[in-house]
Amino acid sequence: MKQKGEFNITGRMGKIDAKDKVTHIDIATNYPQRDGDGWKDFTVWNRVTLFKAQRERATEIGVGDLVTFKGRVGQNSYEQGGTRHYTVDLTVFDFTIERRKGEPGPGAEQQPAGDDDQDDNVPF
């Protein structure tokens, strides 16, 4: 049996930090959480890393877009100031743009032009 550690994250694009050979992207995902008698969304931020071809494709996406990222999970550690720090690396091998910021979702009624408040709850 093949052993692997992979991830699949669908969320809204946050900060895009493009460097010379690597791009880091922050992604906001929402999870329902009980709040008294009701429910509210709890936002979790993840940071993914893109190299090579995926890094070049990252120019196609922008802040607020709904994107699904698939990739490999790894662990790393480094020492700083005498303390060992541990990290989880999320390295992307593919992504799909599900919906651009402002586009209506599946089954949503078309909104009149200029009425774009569906993304008002996006936390950035």
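## Arginine 47 on strand 3

Arginine 47 has its place in strand 3, which covers residues 38-51. A word on the source before going further: this is a predicted model. With a relative accessible area of 36%, arginine 47 is partly exposed, because that label covers values between the 20% and 50% cut-offs.

What does the side chain of arginine 47 join up with through a polar contact of 2.8 Å? The partner is the side chain of aspartate 26. Leaving aside residues up to four places away in sequence, arginine 47 touches Lys15, Asp17, His24, Ile25, Asp26 and Leu90. Isoleucine 27 is worth a look too: its C-alpha lies 6.2 Å from that of arginine 47, though the two are 20 residues apart in sequence.

## The overall layout

Stepping back, the protein has 1 helix and 5 strands. Walk along the sequence and you meet them in the pattern β-β-β-α-β-β. The protein has 124 residues, and 28% of them count as buried.

Take the contacts in the protein with a separation of 6 or more: 56% of them are between residues 24 or more positions apart. As for the outside, the accessible surface comes to about 8800 Å², and carbon and sulfur atoms account for 46% of that.

## How strand 4 pairs up

Strand 4 pairs with strand 1 and also with strand 5. Strand 1 and strand 4 run antiparallel, joined by 7 bridges. In this pairing, threonine 10 stands opposite threonine 68 of strand 4.

Strand 4 and strand 5 are antiparallel as well, with 15 bridges between them. Here valine 73 stands opposite leucine 90 of strand 5. The hairpin these strands make has 2 residues between the strands, and glycine 81 takes a positive phi near 60 degrees there.

## Threonine 68 and arginine 12

Is threonine 68, a residue of strand 4, buried or exposed? Its relative accessible area is 8%, so threonine 68 counts as buried. The side chain of threonine 68 makes a polar contact of 2.7 Å with the side chain of threonine 10, the residue it stands opposite. Not counting residues up to four places away in sequence, threonine 68 touches Asn8, Ile9, Thr10, Asp94, Phe95, Thr96 and Glu98.

Arginine 12 is found in strand 1, residues 6-18. This arginine counts as buried because its relative accessibility is 13%, and the cut-off is under 20%. A polar atom of the arginine 12 side chain lies 2.7 Å from the backbone oxygen of glycine 64.

## One aromatic pair, with a charge on top

How many aromatic pairs does the model have? The count comes to 1. The partners are phenylalanine 69 and phenylalanine 95, with 5.6 Å from centre to centre and 45 degrees between the planes, which makes the pair tilted. Phenylalanine 69 sits in strand 4 (residues 66-80) and phenylalanine 95 in strand 5 (residues 83-99), so the pair ties together parts 26 residues apart in sequence.

Phenylalanine 69 and phenylalanine 95 are both buried. Phenylalanine 95 also has a charged neighbour: the charged end of arginine 57 sits over its ring, 4.0 Å from the ring centre. Phenylalanine 95 turned up earlier as well, among the residues that threonine 68 touches.

Notes:
Residues numbered from 1 in each chain as written. Predicted model: local features only at pLDDT ≥ 70, side-chain atom pairs only at ≥ 80, totals over all residues. Heavy atoms only, no water. Phe/Tyr/Trp six-rings, centres within 6.5 Å; stacked < 30°, edge-to-face > 60°. Helix = DSSP H or I, 4+ residues; strand = E, 2+ residues; numbered from the N terminus. Buried < 20%, exposed > 50% of the residue type's maximum accessible area, 1.4 Å probe, protein only. Lys NZ or Arg CZ within 6 Å of the ring centre and 35° of its normal. Polar contact = N/O pair within 3.5 Å; in protein donor to acceptor, adjacent residues only side chain to side chain. Contact = heavy atoms within 4.5 Å. Areas by Shrake-Rupley, 256 points an atom, 1.4 Å probe, with all protein chains shown as cover. Pairing = 2+ DSSP bridges.
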